[in-house]
Structures are given as C-alpha cells and as structure tokens.
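Here is a walk through one chain, strand by strand and helix by helix. Have the sequence and the model open side by side as you read.

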Amino acid sequence: MEQQQRYTLGKNNKLKSTKVIEQLFKQGKSFSIFPFRIIYLFNENELPESENKLQTAFSVSKKYFKKATDRNRVKRLMREAWRLQKNRLEEKNKATGKNMMVFLIYTGNELPEYDVIFEKTVTIIKRLIKICDEATVTNM
RNA sequence: UCUAUCAGCCGGGUUAUCGGGUAUUACGCAAGUAGUAUCAGGAAAGUCCGGACAGCAAAGGGCAACACACCGGUUAAUGGCCGGUUUUGUUAUGGUUGGUGGUAACACUAACUAUGGCGGAAAGAAAGUGCCACAGAAAAUUACCACCCCCAACUUGUUGGGGGCCAGGGUGAAAACGUGAGGUAAGAGCUCACGGGUUUUUGCAGUAAUGCAUUAAUUGGGUAAACCUUGUGUGCUGUAAUGCCACGUAUAUCAGCGUUUGAGGGCGGCUCGUUCAACCCCCAACUAGUUGGGGGGCGCUGAAGGGUAGGCAGCAAGAUUGUAACAGUAAUGUUGCAGCCAGAUAAAUGAUAACCUCUCCCAAUUUUUUGGGAUGACAGAAUCCGGCUUACAGGCUGAUAGAUUUU
RNA sequence: GUAGAUAUGGAUUAGUGGUUAAAUCAGUGGGAUGUCUCCCCACCAACGCCGGUUCGAAUCCGGUUAUCUACC
C-alpha cells in the first residue's frame, strides 16, 4: 500500500546561489536530449542536513525567445513537468546518499507543447537515475 | 440598419485536482506542517520627454553646448494636455459668375466666395553669411542678346563708339506685384485707376495672439528639420543611487608629483573668480626659530594585481484608487464618503480537465434553434509617479458623414 | 536596469541635398583557348520600414523595426 505522494517544488528545491551555479558550470557534466541540455553535478559541499535535497534550475535562452512572455511560458511548463516526476529521482538520491544539482536549459527555438516537454522529461529522469546508479557503483 | 472616421471604455468567466511568491497566526529545537489574507497591464513594452527620491562636503558670473519657440490656461513639472488665433489641405452644404445641353423648368461642369466637420503647420529670410543641380540671357540687382536715340565711317544698310535700361529673350520648382489706361525716341510703378501682399500710425473689440476700420511707407524669390540672430529654459550621475552589517584580501607592490611659493580637488564642458586641502620624525648650520639635505610617514594621480559578489534597509499610504457633488467651455481643481491593491532577485502570479461565453466554418432548419470542428489578440511588474509613442483577436458606448428602408 | 552605435546588390565597403547610386569579389551569358583557370566584354542585383522639411532626400528631422556593443 503506497502512501499518497505530494508533488511539491518549493524554494529550497531551487538553485539560487551564483557561486554554486558557477561551480556547476565549471565542474559539472552534461548531456543533451533535444530540445534540452542538462548539466548535473553531485554536491559535495558540506551542507546542513536539512538542506540535503535535489536542487534544480531552469533556463531559456534570450537569443531564441525575444519576448519575456515566451520565456516565462517555457520555464513554467518545464517546472510543471519536473515537479510531477522528480520524486523518483529524489528517492534514488536518498537511497544512494547523494545530492544532485541539475540545470535544465531549453535549447529549442519554437514554443513547445506541454505533452512534448512531459515526455522528454521522463527520459531525462531515467537517464539521471542511471547515472546515479553508476556513480555509486564506481565509488564502491 | 449598414459602412467609414474620430474619441472614450472593456479586453473572458465558473468549478474541480495538483502547485508557487509575499505577509501573518498556531504547532515544532529545527527542517517544516496546517490555517487565513493577497498576488500581474492598458499598454507592465519602447526608454522619447518631465518629475519625486538619493549621492556628488561648500556661493557664483561670462562663454560654449543642448532643448524649446503664435496666444492664453492647466500642472509637482514638461517638449505633454485643454481652449483660442492665423494659415493651409480635404470634405459637405449654400451663394455668385462663366461655359455646355435644353423651347422652358432645369441639369452638368469650372472658378471665386461664405459656413460647418476632420486633420497639418507655427519666432526671425526687412541683421548678416552660404546654397539653389539640369535648363535658362539671368537664380538676386550685374552683365549679355534684342529694342531705341546720338556720333563717326563708308561698300546706303551694315560696322564701330557712347548712352537709355529691365517691358521682350518660354527655361525652370521658383523670374523681379496683377489688369487696364496714360506717357515716351523706345520702354519701365515712370504716372494714374482698380485689386493683391508686407511693414507701420491711430481708434474700437479682445487678458493676449489677432480681427475690423483708418494713416503713412513700400512692392523686399526660396531655404533657418543650412550656418545664424532674438527670447526662454536646462548641473551631473542614477535604486547596480545611497546607508549599514557580515565574510575575505595586501595598513602590501611599482612609477610620477606634492606637503603652505601648495600636488590635487569642488563650484556642469571651458574660462574668470572663489573655495577646500595633507601642517609628523631624524641630521647639519646658525639669532630657542628659520634655512638646507636625507629617509620615512601622509596626500594625490596612474599602472599592475588581490579579495568579495552574501544579508538588511532603500521597498510599497501615494502629485494613491473608486465614487458623488461643486467650480470651469475644457484640460484640471476643490470637498465629502469608501478602500488599502504585487514586491520577486537563476526572479512567484502557474498547469491540466470540464462547462459556459466570444468569433469563424460545416450540416440540418422558415426567422430561430440543434449538432460537430477550429480559435481566443498584444503582451509579463523589478524604485515610484505624470505624459508621449508603438503593438493589439474581439466587444460596447457616443459624435460626425454617407448609403438604404419606413413614416 | 542604464547608456550608446550601426543598417546601401548574395558578401565586403564608397558615396558634399542634384543625371540612370560607385567599386571589388560572387552569380549569369558571350569572346578568347584543343580544354580549364587567368584575361576581355556585357548583364543581373541594393539605400531596413513609415511619415515630414525641401523644387528635389541614401544623405536633413521625427517615429519605428532589427542587429551589435559597453557598464556593478
């Protein structure tokens, strides 16, 4: 019997610090699943136990979307898709004792449909879970 | 009723499930959980103007630069807005005159004029300088051709010299006020009559721009979004301002200059004037203070580098919003009543579904209704206001004009 | 958020308010050559857009669109 899950995405789940983001861009690894580019890193900073969480950030290029409305729209859709699916990855992180930082960039140049984004997010999460597993194996 | 133009207003709604920002209350050591309230626009946009607010320690004058420019009002302020004036474009209606058709009534058409609607423009070209391609004799007061007169010569209708001089020389976007008469050797505002323009005197109306009448002078091409002249106005930097706290580094390095005969800085860019500005130690000489030298300290400028890039305030009650009355032609103002309405910072205000609603299409159907499908504009606060400009599916209201129908 | 610059053929640049907007490369056609280049000749093709000032605008003025740059 499964306990009812909550799909939240609060302030603490967001990447905010400029310092951390710079570190992510310098040291992080990346792969891309069109129309996304994903940058990730296992957080090894000493954080208080309360903040051991999966942290995410979303971004859209100003080059491809000139209007602020369009950028807002894409980011909102991305956030919604991530919110509904990230729980599995979170559990994986807990199980392996890792803290992942993920940065999602939308690289397409057309306004996407919600369904497309949702499907792509499924594959992204699968890939990230796989990466998580591999990392724990090599550490052992 | 439809169409067009202008002005103003609105610019999707309800429910369910899942989520976010801010404030606050309760529980909890804390993370957090739960409850309540609230959460984008008419342009939030462009950043084209004007302010508020903050910093630049502390008066200014002149010049330059930039902006504006009919008059009055409005406002915190403006280059905005409102009302008026002149002029111009367009449109409608009426009138006068001419032409064409018609026996006539009248119709069509052109010019002028009056009134109304909808726009545009606005200091000075009579202070000076420059420019005006091509064409044209000439592009601004000068010549040339032609015309006329006089003199000389001889091949007797040409040549040469002197004078008159802007009426003709048809081009151009633009040609030296227009028409008629007189006048003359030929002509010319040279003179006269009528008419037009510009400046001006006086009177009347108006706060004024200006209008009407009148007096005198004059007939001066355009361009100031060419330089310029006149008048008026304007400090610069912007909330990444600014103040405070925390963390961290290098109270370090190099070069130049200065320490009262003053480096350098402020007062807008320049200049004048004015003002601020570091006043310590050692040594030597001589009149217990001054002079000279050296080193350091201190100050200023530049170079190369090191560190941080977190938090709080600023920051949400105001030239505030809605509404009513009053004043005003209006912009706008005054007063009363009611309300509190986003404050993020890798940046909340969302996603999905259903129904309703708007518009369009298809089918059935007598208007109407039913069923199915598609679609829902422009666009997202970042210190805050007042304007301007630009984008905008669709809808509503009013005014004006036109067309059609009915009476 | 603030400030500034630029826009001319397919590309890179010229261009005092005055003919049909100039040049180089590229493209097309022809000549030359046994053939291809080089060379010669001709053609094609542009003032970002909308208004205004002016007799006349790529140029001057205003608005607008796009691109680029700098600034703690």
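Lys29 sits opposite Tyr40 of β2, and the next pair along is Ser30 with Ile39, its bridge partner in β2. Those pairs belong to an antiparallel match between β1 (residues 29-33) and β2 (residues 36-42) that runs over five bridges. The two strands make a hairpin, with two residues between them. Keep in mind that this is a predicted model.

Ile39 has a partner on another strand too: Phe103 in β4 stands opposite. That pair is part of the link between β2 and β4 (residues 100-106), which run antiparallel and are joined by seven bridges.

The strand pairings look like this side by side:

| Strand pair | Sense | Bridges |
|---|---|---|
| β1 (residues 29-33) and β2 (residues 36-42) | antiparallel | five bridges |
| β2 and β4 (residues 100-106) | antiparallel | seven bridges |

Is β1 buried or in the open? None of its five residues counts as buried, so the strand lies largely in the open. Take Phe31, which has its place in β1. Phe31 is partly exposed, because 13 other C-beta atoms lie within 10 Å, between the limits of 12 or fewer for exposed and 20 or more for buried. Lys11 is 20 residues from Phe31 along the chain, and their C-alpha atoms are separated by 26 Å.

Just ahead of that strand comes Gly28, in the loop between α1 and β1. Gly28 is partly exposed as well, with 16 other C-beta atoms within 10 Å. Once neighbours within four places in sequence are set aside, Gly28 is in contact with Ile39, Tyr40 and Leu41. Pro112, on the other hand, is 84 residues from Gly28 in sequence and 27 Å from it in space, C-alpha to C-alpha.

Stepping back to the whole fold, chain A has four helices and four strands. In sequence order they read α-β-β-β-α-α-β-α. Buried residues account for 18% of the chain's 140 residues. Of the contacts with a separation of 6 or more, 81% are between residues 24 or more positions apart.

Now for the core. Which residues touch the most other members of the largest nonpolar core? They are Tyr40, Met78 and Val102, out of 19 residues in that core. The elements giving two or more residues to it are β2, α2, β4 and α4 (114-139). β4 gives the most, with six residues. As for Val102, its contacts beyond neighbours within four places in sequence are Ile38, Tyr40, Thr56 and Leu128.

On to helix α2, which covers residues 68-85. How far apart should its ends be? At 1.5 Å a residue, its 18 residues should span 26 Å, and the end C-alpha atoms are indeed 26 Å apart, which agrees. Its buried residues are Val74, Leu77, Met78, Ala81 and Trp82. Looking down the axis of α2, these fall within an arc of 130 degrees, so they line one face of the helix. The spacing fits a simple rule: an α-helix has 3.6 residues a turn, so residues three or four places apart point the same way. Over on the other side of α2, Ala68, Thr69, Asn72, Arg76 and Leu84 are exposed.

Helix α3 (residues 87-96) has a buried set of its own: Leu89, Lys92 and Asn93. These cover an arc of only 100 degrees around the axis, which puts them on the same side of α3. Just after α3 comes Gly97, with a positive phi of about 75 degrees.

Finally, how far does the predictor trust all this? Chain A averages a pLDDT of 77, and 86% of the residues score at least 70. Confidence is highest in α2, at 86, and lowest in helix α1 (residues 18-27), at a mean of 76. Residues 46-51 have a pLDDT below 50, and beyond near neighbours in sequence that stretch has two contacts in the model. For the complex, the predictor gives an ipTM of 0.80 and a pTM of 0.77.

Notes
Residues numbered from 1 in each chain as written. Chains lettered and ligands numbered in written order. Predicted model: local features only at pLDDT ≥ 70, side-chain atom pairs only at ≥ 80, totals over all residues. Expected span 1.5 Å × (residues − 1). Arc of directions from axis to C-beta. Pairing = 2+ DSSP bridges. pLDDT = per-residue confidence, 0-100. Contact = placed C-beta atoms within 7 Å. Core = buried A, V, L, I, M, F, W, Y, C linked by C-beta atoms within 7 Å.
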